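I pulled up this one to go through its fold, its ligand site and a few odd backbone angles. My notes are below.

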Amino acid sequence: MKPDSKTVGVGVRGGKVAPGGEQRTSKAVVLIGFMGAGKTSVGRALGERLGWPFEDLDERIERRERRTVPEIFRDSGEAEFRRAEHEALSELLGELQAGSEQVVALGGGAFVQKQNVHLLQVARVFTVFLDADVEELWRRCSRQAEQLGVARPLLGNLGSFRKLCEARRRHYRKASFTQKTGGRTVKKIAAEIAHALGLSPSGKRGKKQ
Ligand code: S3P
């Protein structure tokens, strides 16, 4: 049985106690899912809705490495990208303070790496899997490539895209929560996530939608 929109699962989720018994109350929400799932646009909308800062991990990687993601793949290969991704995630989570509110979007392969899942578990953040049909994901990515010039090193063709997506799905399902994205606007998805996680705008920082 697979509920239409939301499943609250085990695994990585918001919590209070970090290893060593230290209290942690970071309210970070980390969006995961395949390429084209809308992690960045939903993350931005969720951040705006809640008045929380938003960060895209790929952007941190690019700042740290001083080159774009496609350049890292092209010049140094995927293994080097994964190393940079892990370090950037470790740095980002290390910066989270008790009580800090943050929305983060990960790249499509980050949650597949065991060492990253481990970091997220230790940080006890909520992870939200943005789910969509693979055909829809492919349509979105192809459109972004054609119309906006968005280069995704692992885009490939529909066959390889589908295969990779299917192989990763079992990892994504380990997120705290699954949010369907099909047939919904970005704002609606952000609203559904906020509602499901019981999150409301903080202080006066919330922006009008
Ligand atoms: C990747 C997805 C990309 C980016 C990199 C690797 C992947 O992010 O991190 O190209 O392995 O699926 P998006 O999911 O934002 O496209």
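These entries run from the overall picture down to single residues.

**Entry 1: confidence.** I started with the pLDDT, since this is a predicted model. The protein averages 87, and 84% of the residues score at least 70. Then I looked for the weak stretches. Over residues 1–11 the pLDDT is below 50, and this stretch has 18 contacts in the model beyond near neighbours in sequence. Residues 204–209 also stay under 50, and there I found 10 contacts beyond four places in sequence.

**Entry 2: fold.** I went through the secondary structure next and got eight helices and five strands. Reading along the sequence, I noted the pattern β-α-β-α-α-α-β-α-β-α-α-β-α. The protein has 209 residues, of which 35% count as buried. I also checked how far apart in sequence the contacting residues are. Taking contacts between residues at least 6 apart, 80% join residues at least 24 apart.

**Entry 3: the ligand.** Which residues surround the ligand? I listed Met 35, Lys 39, Asp 58, Val 69, Gly 107, Gly 108, Gly 109, Arg 152, Pro 153 and Leu 154. Sorted by type, this shell gives four nonpolar, three polar and three charged residues. The three polar places go to Gly 107, Gly 108 and Gly 109, as glycine is put with the polar residues here.

**Entry 4: helix H4.** I picked H4, residues 78–95, for a closer look. Its 18 residues reach 26 Å from the first C-alpha to the last, close to the 26 Å expected at 1.5 Å a residue. Where do the buried residues of H4 fall, seen down its axis? First I wrote down which ones they are: Phe 81, Glu 85, Ala 88, Leu 89, Leu 92 and Leu 93. They fall within an arc of 130°, so they line one face of the helix. On the other side of H4 I found Ala 79, Glu 91 and Gly 94 exposed. Then I checked what the buried residues pack against. The partners are strands E2 (54–56) and E3 (103–105), together with helices H2 (57–65), H3 (69–76) and H5 (114–123).

**Entry 5: positive phi.** Most residues other than glycine have a negative phi, so I went after exceptions. Arg 66 has a positive phi of about 55°, and I located this residue in the loop between H2 and H3. Arg 124 also has a positive phi, near 55°, and lies in the loop between H5 and strand E4 (126–131). Are these two arginines buried or exposed? Arg 66 is exposed, because I count 7 other C-beta atoms within 10 Å and 12 or fewer is the cut-off for that label. Arg 124 counts as buried, because there are 21 C-beta neighbours inside 10 Å and the label needs 20 or more.

**Entry 6: Val 150.** Last stop was the loop between helix H6 (134–148) and helix H7 (158–172), where Val 150 sits. Val 150 has 16 other C-beta atoms within 10 Å, so I noted this residue as partly exposed. Leaving aside neighbours within four places in sequence, Val 150 is in contact with Gln 144 and Ala 145. I also took a C-alpha distance to Pro 70, which is 80 residues away along the chain, and got 9.9 Å.

Conventions
Residues numbered from 1 in each chain as written. Predicted model: local features only at pLDDT ≥ 70, side-chain atom pairs only at ≥ 80, totals over all residues. Near = placed C-beta within 6 Å. Helix = DSSP H or I, 4+ residues; strand = E, 2+ residues; numbered from the N terminus. Expected span 1.5 Å × (residues − 1). Arc of directions from axis to C-beta. Contact = placed C-beta atoms within 7 Å. pLDDT = per-residue confidence, 0-100.
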